[in-house]
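The following exchange sets computed values against the definitions behind the terms. Please consult the sequence and the structure as you read.

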Amino acid sequence: MKDVRNVLVIGAGTMGHGIAELCALAGYSVTLVDVSEEALKKAMERIAWSLSKLEKKKGVKKDEVLSRITTSTDLPSSASNADLVIEAVVEKTEVKKEVFRTLDENCRDDVILATNTSTIPIAEIASATSKPERVLGLHFFNPPTLIRLVEIVVAEKTSEETVELAKKFVKSLGMDYITARDVPGFVVNRINLRVFGQAIKLLESGYSVEEIDACAKYRIGIPMGLFEVIDFSGVDVLYNVIREMSARGFDVELSPILEEMVREGRLGMKTGRGFYTYEGLYGRARIPKRKAYAVNPLSILAPAINEACWIVRNKVSSAEDVEKAMKLGMGYRKGVLELADVYGLDRVVEELERLGIAPDQMLRDMVDSEKLGKKSGEGFFRWRHERKSFGPVSYEKRHSYAIITLKRAERLNALNEEMWVGIRDALLEAERDEDVRAVLITGEGRAFSAGDDIAVMRSWKSVSDGKEFFERVAAPLIDTMIDCSKPLISLVNGYAYGGGMELNLLMDIVIASKGATFSVPEGLIGAFPPIASTVGFFLNRRVLRYCLTAEEIQADEALEVGIADLVVDDDQLEIAGVEVAERISELAPMSIQAVKKAKRNVLNVVRTALESAVEELIILSGTADFEEGMRAFLEKRRPVWRGE
Ligand code: NAI
C-alpha cells in the first residue's frame, strides 16, 4: 500500500463528520461523501463550528484544516482516489454492503476498507467485497474528536498487514486503539450492555435512578451516572443496540422500561426527558452524592466483570485492552478487571450467584486457585501483598494500603496488653512501608472493640500498677496513632465501646456499618474516658454529652453528630473502606502527609490535657468507686457510689 494521503469518509452524520474532522486535523486530505447534499452541508457547518472552538483554545488553523476537506455525493469517483476508506453510513446491513460493493469496484486493490459499525459483523460487510483481507472495523466513539479511542476490529479474513497499517493510521490521528475480534458488540458495547442492563434491572427491583447513578459516579468512578449516559446518547440508541445485539445472539433482555420510554418518546436529553428531566438546552442531571451507598457497586459491576472474563478467555481482546477500552472509551477511572481485583474476585462470584448469573469459567478457576485480586496479591493483575501477625492482631498489605484486623473475637476484641501492643506494632509496620498510603482498621466478629479488658483493670493492685500499664502499653499506641503519617480509617463493624470508641476518636475517617454502636460507658464503672473528654471533645463538642451520660450511640446518630463519617450496609463495610483507601492512594503522598502533620500539630495543643486526663484516670483507678463500679459491672448490677 502506498502512503495514506487521501482518506474517504462515507456518511456525513454524527460520526462521519467527526471522523472527517479528525483526519483533516491530522493533515490528511479528506473526501466526505453522503447521499444527501443537506447532510454534507450540515456536516461542514458542524466541522467549521468545532474548528473555530479549537482555533480559540488550541491555536488550530481553522481555514487550513477546512480546506483539506471536500464533499461529494459521487461515491464511485471519490473511491477511485482514496488511499483509505472509513464508512460511517446508517447502521443497516444492506446499505453498508452496497457501499462496500461500490468500494470494491472502484478502489485500488491495496486500499484499506474500514467500517465504523457498532453492531454488524465485519465479516458480513466484508463478504460484499472480493478482498475481505482488506476489510476491518475501525470503531470510533462519539464524539471522535474528544474520545481518543478506536476499537480495531479484526475479522476472520482480515490480514495482519491490514491490521498493522490500520494501527499506524489510527496512531497518526493521535488516537489510541485496542484490537478486538469480530464478535457482536466488540469490547466496549459488550461491557456497556452488561452495565446498562444491570442498572435497569436494579431500577426494576426498586432502587432509584439517583441511587444507581450516585453509586456509579461517586464510588465506581464512572464520569457520569449510567442513566445519565443513556439519556446523553439516546434511550432509542440503547434500545436499538440491544435489539441488534440480541438478534445476533448476545444474551441480553430488552426491558419493558426501555420499550415504554421509546414508545412515549422519552428518549433522553434530545427530547428533554429520559430517565431524568432536562431544563433547557444545557440542562444536566442532578445526582445526589448522599445516595451513593444505597446500592452495592458489585451489584452494578459483576455482570460486566463476567463479560470481560468471557472476552479475555475467548481471546477477543487482552485484559490490558479491555481496561484501556473502558478507561479511554467510557472514561472509567479504573478498568472493570482492576475493579474486580479491588473488590475481590470471590465477592464478584458471590454477587453473580446472588443475581442468578453463571460465573465465567475463568472467574471460577481464578477463585479456586486463590487469585482473588488485591487481597491475595494476584487477580487479573499482580499486586504487592504481604500478611503478618502481631499477636491477636493481623496485618495485611494490599498493594497501596494496609488492613489491620483485631482478632480477639471471643472477647469482643477487648483491649488487653497483647491487643494494645499488637495494634501499635501493626501500625508501625504500616508506617515503615512506603507502599502503604492508608490504613484500614477493623474488628473480627461482632465488635470493633468492646473496650479495655476489665480483667486487666481488675488485676491492678495499686495506682502504680495502673500507671505502669498506661505508660508502658496504652500511651505508646495513642502516641503512635496521633503521630501516624498515614490516614487511619476505621471500619466499625459492631460495638465500639470505651477504649474501642476512644481509638475511633483518634482515627481520620470512621466508616460504620448500620448495626454498629458506640459508647463511652466508663462512668458506669467509676472511671472516665480520657481521650473522648479531651481529644474527642476538642474535635467535636458533641462528644462530651456521651462522656457525661454513657448513652449508647447508634450508627445513624453517630453519623448525625459527626462521630462517624459514613454509615453503610453491613455487607458494604469493607468495600466502602477499600474505596476510600484507594482514593487516598491516588492523591499525592506529600499532600496527605501535610494534612496529617497539620492535624497532629492541632492535636498537640491538647496533648497536655490528654496526659492530665490519663493521670486523672490512674488516680480514679485507685478509688473505692472504681472498685465498686468494676464489681457491679461483673455482677451485672447497679453500682452504689460513695455518698449515695
Ligand atoms: P447518522 O444517522 O447520524 O449518519 C448517517 C449518515 O449516513 C447520514 O448522513 C445519511 O445521509 C448517510 N447515508 C445513508 N446511506 C448512505 C449511503 N448509501 N451512502 C452515503 N451516505 C449514506 O449515523 P451515525 O450515528 O453517524 O452512525 C453512523 C455509523 O457509525 C453507524 O454504523 C453507527 O452504528 C456507527 N456508530 C455510531 C455511533 C454514535 O454514537 N452515533 C458511535 C459509534 C459508531
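Q: Which residue in β11 is the bridge partner of K397?
A: The bridge partner of K397 in β11 is A402. The model is a predicted one, in which local features need pLDDT of at least 70 and side-chain atom pairs count only at pLDDT 80 or more, while totals for chains, interfaces and linings use all residues. Residues are numbered from 1 along each chain as its sequence is written, and side-chain values use heavy atoms, with hydrogens and water left out.

Q: How do you know that β10 and strand β11 (residues 401-406) pair?
A: Strands are DSSP runs (E, at least two residues; helices are H or I, at least four), numbered from the N terminus. Two strands pair if DSSP finds at least two bridges between them. β10 and β11 have six bridges, in the antiparallel sense, so the criterion of at least two is met.

Q: What joins strand β9 (residues 385-390) to β10?
A: Six bridges join β9 to β10, and the two strands run antiparallel. Within this pairing, F390 has V393 in β10 as its bridge partner.

Q: What is the sign of phi at G391 and at H399?
A: In the hairpin of β9 and β10, with two residues between the strands, G391 takes a positive phi near 60°. The hairpin of β10 and β11 also has two residues between its strands, and H399 in that turn has a positive phi of about 60°.

Q: Why is strand β10 (residues 393-398) called largely enclosed?
A: Buried means under 20% relative accessible area (exposed is over 50%, partly exposed lies in between; 1.4 Å probe, protein chains only). Six of the six residues of β10 are buried, so the strand is largely enclosed by the rest of the structure. V393, Y395 and K397 point one way, S394, E396 and R398 the other way, and all are buried.

Q: Why is the pair of Y28 and F169 called tilted?
A: Rings of Phe, Tyr and Trp (its six-membered ring) pair if their centres lie within 6.5 Å; planes under 30 degrees apart count as stacked, over 60 as edge-to-face and the rest as tilted. The centres of Y28 and F169 are 5.2 Å apart and their planes are at 50°, so the pair is tilted. Y28 lies in the loop between α1 (14-25) and β2 (29-33) and F169 in helix α7 (residues 160-172), so the pair ties together parts that are 141 residues apart in sequence. Both Y28 and F169 are buried.

Q: What makes the aromatic pair of F390 and Y395 edge-to-face?
A: The angle between the planes is 80°, at 6.3 Å centre to centre, and planes over 60 degrees apart are the edge-to-face class. Both F390 and Y395 are buried.

Q: How do you know that the charged end of K324 sits over the ring of Y177?
A: The rule asks for NZ of Lys or CZ of Arg within 6 Å of the ring centre and within 35 degrees of the ring normal. The charged end of K324 is 5.6 Å from the centre of the Y177 ring and sits over it. K374 likewise lies over the face of W383, at 4.4 Å from the ring centre.

Q: What makes β3 (69-72) and β8 (176-181) edge strands?
A: Each of them pairs on one side only. The open sheet of eight strands has the order β3-β2-β1-β4-β5-β6-β7-β8, with mixed pairing. β2 and β3 run parallel and are joined by four bridges, and L32 stands opposite T71 in β3.
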